[in-house]
Amino acid sequence: MKQFIEQLEHENKLPPETYKALLEGYTSELAEFVFSRAQATREKYYGRTIYLRGLIEFTNHCQNDCYYCGIRKSNRDLTRYRLTPETILACCHKGYQLGFRTFVLQGGEDGYFQDEKLIPLIEAIKTAYPDCALTLSIGEKSYSSYLAYYKAGADRYLLRHETANTLHYSKLHPKSLTLSKRLQCLNDLKDIGYQVGMGFMVGSPYQSIDCLVEDLLLIERFKPEMVGIGPFIPHHATPFAKEVAGSIELTFYLIGLIRLMHPRVLLPATTALGTLDPNGREKGILAGANVLMPNLSPVDVRKNYLLYDNKICTGEEAAECQQCLKNRMENIGYQIVVSRGDYTTSPSVS
Ligand code: SAM
Ligand code: FES
């Protein structure tokens, strides 16, 4: 198996059957080997630096009904909120002072935030913080809307594909959402010029090893600048309430494989990792991740952006505890830097 990992490290691609063999042949020893090669690869391009993104969860209203998601529209047992532009700018202000140079506006697909509200908001953030990158994560929109946000100053867009298998996609979403539409959106975003993030949940219901192979092949082909993956975690008020959570070990292994496949990718150690394991984000970094996304949302709304049960939403994951995060990273030999942390095209020397 190790020769396949070396092949991935040198060629950045593998045939489907080899990805499958690597996933079926998972052992903790093999995972350790992947992590050591992934760390070396990441250090070649990004040194031992970790980039921060300040996550602003600005609305939990959502018109969609994804079967896995706690903010789906059918969940009536939830206090819905929207942040005002003033509050969002105040979050950016706090984040800027804490050293954040990227802000991520994430939310449900909320019909209230039409283009005429979003465009001035994007312009206001970019005017106030011209040295910062702005990432949007607000779901599926038309080409013209994506273009308008880009022209207003948005730099990056996160839109997980969730699964690259059409049948699996239909088991996770109602009929109104399709994989082909999702991929069209990702292509539109790339075409416009965004730095694009795709990704998937590990261990979502009905996921097979073949689905994961298709996810890896899609990422290999699409070459996104960012990849967000995290374990599926059930939420009590969704159709998947009784399903089991995804494997955190498999998630780390996949982070390592994605780093080897796509050496310069910006790869967050996600909140879901920190939810399943108190040291999940450190382990994610040691598996090959290089980004952290602390929460910058006002503390009182965090409990309402509950995508899955037990989501960590106060304490060390939060932007307030910058020093805790800094110490945690230093303890494993990494440094948090004040930087936009854009996708790099040249190897680092540090
Ligand atoms: N509405 C935007 C979108 O769909 O891209 C952004 C918000 S959406 C809630 C962000 C991500 O949360 C989804 O892409 C999904 O992968 C993840 N997510 C939702 N429910 C989850 C769950 N139960 N466990 C793990 N991740 C989940
Ligand atoms: Fe909101 Fe899936 S439930 S996008």
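Me: A residue is buried if 20 or more other C-beta atoms, placed from the backbone, lie within 10 Å of its own C-beta atom. How many residues of strand 7 (residues 226-231) are buried?

Reply: This is a predicted model, and the burial described here is computed from its atoms. On one side of strand 7, Met 226, Gly 228 and Gly 230 are all buried, and on the other side the same holds for Val 227, Ile 229 and Pro 231, which leaves both faces covered. Strand 7 is therefore mostly covered under the cut-off of 20 or more C-beta neighbours, and its count of buried residues is six of six.

Me: Which residue of strand 7 does Met 198 stand opposite?

Reply: Strand 6, which spans residues 195-202, pairs with strand 7 in the parallel sense, and six bridges join the two. Within this pairing, the residue of strand 7 that stands opposite Met 198 is Val 227.

Me: How many residues of strand 4 (residues 133-137) are buried?

Reply: Strand 4 pairs in the parallel sense with strand 3 (residues 102-107) over five bridges, and in that pairing Leu 105 has Leu 136 of strand 4 as its bridge partner. Strand 4 is largely enclosed by the rest of the structure, because the number of its five residues that are buried is four.

Me: In the open sheet of three strands, what is the order?

Reply: The pairing in this sheet is parallel, and strand 8 (291-292) and strand 9 (335-337) are its edge strands, each of which pairs on one side only. Strand 1 (residues 49-52) runs parallel to strand 9 and is joined to strand 9 by three bridges, with Ile 336 in strand 9 as the bridge partner of Ile 50. Read across the open sheet, the order of the strands is 8-1-9.

Me: Why is the protein chain as compact as a globular protein of that length, and what is its radius of gyration?

Reply: The protein chain holds 14 helices and nine strands. For 350 residues the globule rule gives 20 Å, and the chain comes close to that value, so it is as compact as a globular protein of that length, with a radius of gyration of 19 Å.

Me: What percentage of the contacts between residues at least 6 apart in sequence join residues at least 24 apart?

Reply: The C-alpha atoms of the protein chain fill a box of roughly 55 × 45 × 40 Å along the principal axes, and 45% of the 350 residues count as buried. Among the contacts between residues at least 6 apart in sequence, the share that joins residues at least 24 apart is 78%.

Me: Is Asp 300 buried or exposed?

Reply: Asp 300 is found in helix 13, residues 299-302, and its C-alpha atom is separated by 26 Å from that of Tyr 67, a residue 233 positions away along the chain. Because Asp 300 has 8 C-beta neighbours inside 10 Å, it counts as exposed.

Me: Which loop holds Lys 223?

Reply: Most residues other than glycine have a negative phi. Lys 223 nevertheless has a positive phi of about 50° although it is not a glycine, and Tyr 206, in the loop between strand 6 and helix 9 (209-222), has a phi near 70°. Tyr 206 is partly exposed, with 15 other C-beta atoms within 10 Å, and Lys 223 also counts as partly exposed, with 14 such neighbours. The loop that holds Lys 223 is the one between helix 9 and strand 7.

Me: How many residues in the shell around ligand 1 are charged?

Reply: Ligand 1 is surrounded by 20 residues, of which the closest are Cys 69, Gly 139, Arg 160, Leu 307 and Tyr 308. Taken by class, the shell has 11 nonpolar and six polar residues, and the number of charged ones is three.

Me: What ipTM does the predictor give the complex?

Reply: For the protein chain the mean pLDDT is 94, and 96% of the residues reach 70 or more. For the complex, the predictor gives a pTM of 0.95 and an ipTM of 0.98.

Technical notes
Residues are numbered from 1 along each chain as its sequence is written. Chains are lettered from A and ligands numbered from 1 in the order in which they are written. This is a predicted model: local features need pLDDT of at least 70, side-chain atom pairs count only at pLDDT 80 or more; totals for chains, interfaces and linings use all residues. A residue is near a molecule or strand if its C-beta atom, placed from the backbone, lies within 6 Å of it. Ala, Val, Leu, Ile, Met, Phe, Trp, Tyr, Cys and Pro count as nonpolar, Asp, Glu, Lys and Arg as charged, and the others, Gly among them, as polar. pLDDT is the predictor's confidence in each residue, from 0 to 100. The radius of gyration is taken over C-alpha atoms; the globule rule is 2.2 Å times the number of residues to the power 0.38. A residue is buried if 20 or more other C-beta atoms lie within 10 Å of its own, exposed if 12 or fewer, and partly exposed in between; C-beta atoms are placed from the backbone. Two residues are in contact if their C-beta atoms, placed from the backbone, lie within 7 Å. Two strands pair if DSSP finds at least two bridges between them.
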